[in-house]
Amino acid sequence: MRSWTFDSIPDQSGRLVVVTGANSGIGYVTARELAHRGAHVVLACRSAERGRAALARLRAETPGARAELRPLNLASLESIRAFAARWDHDRLDLLVNNAGVAMVPFARTADGFESHIGVNHLGTFALTGLLLPALASAPAARVVTVSSEGQRFARFDLARFDRDRLGTDRGYSAPFAYVASKRANLYFAAELHRRAGAAGLPLRSVAVAPGLTRTNVLTGGANAARGPLYRSATALLVRLAFRPTAEGAKTSLYAATADDAPGGGYVAPDGFLELRGEPTTGRRPRALTDTVTARRLWELSEELTGVSLALPAARPR
């Protein structure tokens with residue numbers, strides 16, 4: 001694909017948007033660019049302090065922006081339910097599932113899940129399910145779920161996934177836990193699109209990978225407690241090897257706004273190993289067609305979260 005820029009984004013006036021993890025990084029750029037083009041954007045953030053700072057920055061950079069801040073912690077089903085219960089708009093046109101954790105030390109969410117599984121997949125699953133009535137009320141809703149180019153290295157086994165959700169730090173591998181949760185994002189995004197189609201809902205679900213991008217996901221949050229050597233080395237690596245944050249936001253914004261963004265598909269950088277480049281829709285990870293694993297993961301996720309996404313299962317092909 002030739003160079004795709006933010007100028008390619010069409011007018012977004014009238015769209016109601018939620019971007020999770022919008023206080024920094026890719027999430028902030030995604031929220032800012034959508035607001036810049038007229039969307040009403042809800043910044044869904046875990047930290048009230050960082051969220052307020054992001055909202056003030058967005059309004060300064062985009063005068064006249066229609067934007068608001070609402071609290072959301074994907075590590076807590078209670079917080080997710082409260083966010084959905086407070087939704088007071090008549091619909092939701094776009095949900096960008098951007099928030100997540102990456103390669104953090106072993107920890108559990110408020111509900112006892114291993115943090116990568118609990119935040120990146122189960123939190124995203126529950127939020128989308130609870131907001132589904134608002135999405136169904138939109139004439140052409142989209143759900144964009146941020147996965148990772150690293151998902152291709154996942155050793156994803158559903159039995160292990162179920163076991164690891166309540167695992168221990170014994171033998172724990174943060175990289176493996178991370179890429180497994182990002183593979184789960186792909187299964188979820190594809191299955192959501194299939195089920196929405198089976199239900200006759202005009203909802204398009206798209207998974208994206210941002211490529212290597214300069215954000216604080218490897219140095220902030222739980223990773224901030226790893227010590228000065230880790231923080232210094234990681235910050236240097238990110239600065240030298242990773243591309244600017246705005247470049248990483250391109251795939252999310254393309255999936256959220258482009259007419260040809262593929263429902264049930266995947267948008268990733270077109271370069272080597274999807275590490276950098278322009279958004280392309282030509283990549284088809286195997287997870288997108290593994291309907292058996294996707295269906296079983298969906299059912300298990302409903303059981304674990306207590307959130308039932310009232311959509312019929314797509315017929316096996």
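**Entry 1: contacts and overall make-up**

I count a contact when heavy atoms lie within 4.5 Å. With that cut-off in hand, I turned to this predicted model and looked up how its contacts spread along the sequence. Taking contacts in the protein chain with a separation of 6 or more, I found that residues 24 or more positions apart account for 77% of them.

Next I checked the elements, and the protein chain came out with 11 helices and 8 strands. I then looked up burial: 56% of the 317 residues count as buried. For the surface, I noted that the chain exposes about 13500 Å². Carbon and sulfur atoms supply 52% of that area.

**Entry 2: the sheet**

In what order do the strands of the open sheet run? I read it off as E3-E2-E1-E4-E5-E6-E7-E8, with 8 strands and mixed pairing. I marked strand E3 (66–71) and E8 as the edge strands, since each pairs on one side only.

**Entry 3: strand E5**

I spent some time on E5, which covers residues 141–146. Are its residues buried or exposed? I found that 6 of its 6 residues are buried, and I logged the strand as mostly covered. I also sorted the side chains by direction: Ala141, Val143 and Thr145 point one way from E5, while Arg142, Val144 and Val146 point the other way. Both sets are buried, the arginine included.

**Entry 4: the neighbours of E5**

I followed the pairing out from E5 on either side. Strand E4 (residues 94–97) runs parallel to E5, and 4 bridges join the two. Two pairs I wrote down here are Val96 opposite Val144 and Asn97 opposite Thr145.

On to strand E6 (residues 203–208), which pairs with E5 in the parallel sense over 6 bridges. Which residue of E6 stands opposite Arg142? I found Arg204 there, so to speak an arginine facing its namesake across the pairing.

**Entry 5: out to the edge at E8**

From E6 I moved to strand E7 (residues 266–269), where the pairing is again parallel and has 2 bridges. I noted Val267 in E7 as the bridge partner of Val208.

Then I looked at E7 with strand E8 (residues 279–280), and here I logged an antiparallel pairing over 2 bridges. The bridge partner of Ala268 in E8 is Thr280. That brought me to E8, one of the edge strands, which pairs on one side only.

**Entry 6: cavities**

Last, I looked for enclosed space. Rolling a probe the size of a water molecule over the atoms shows where empty space is left. How many cavities of 30 Å³ or more does the structure hold? I counted 3. About 40 Å³ of space lies in the largest cavity.

I then listed what lines the largest cavity: Leu74, Ala75, Ser76, Leu77, Ile80, Thr109, Asp111, Phe113, Gly118, Leu122 and Gly123. The elements that give two or more residues to this lining are helix H3 (77–85) and helix H4 (115–130). I noted that H4 brings the largest share, 3 residues. By character, I sorted the lining of the largest cavity into 6 nonpolar, 4 polar and 1 charged.

Definitions and conventions:
Residues numbered from 1 in each chain as written. Predicted model: local features only at pLDDT ≥ 70, side-chain atom pairs only at ≥ 80, totals over all residues. Heavy atoms only, no water. Buried < 20%, exposed > 50% of the residue type's maximum accessible area, 1.4 Å probe, protein only. Areas by Shrake-Rupley, 256 points an atom, 1.4 Å probe, with all protein chains shown as cover. Pairing = 2+ DSSP bridges. 1 Å grid on protein atoms, 1.4 Å probe; cavity = no way out; pocket = protein on both sides within 12 Å on 5 of 7 lines; lining within 4 Å. Points joined across faces, edges and corners; volume = space filled by probe spheres on them. Nonpolar A, V, L, I, M, F, W, Y, C, P; charged D, E, K, R; others polar.
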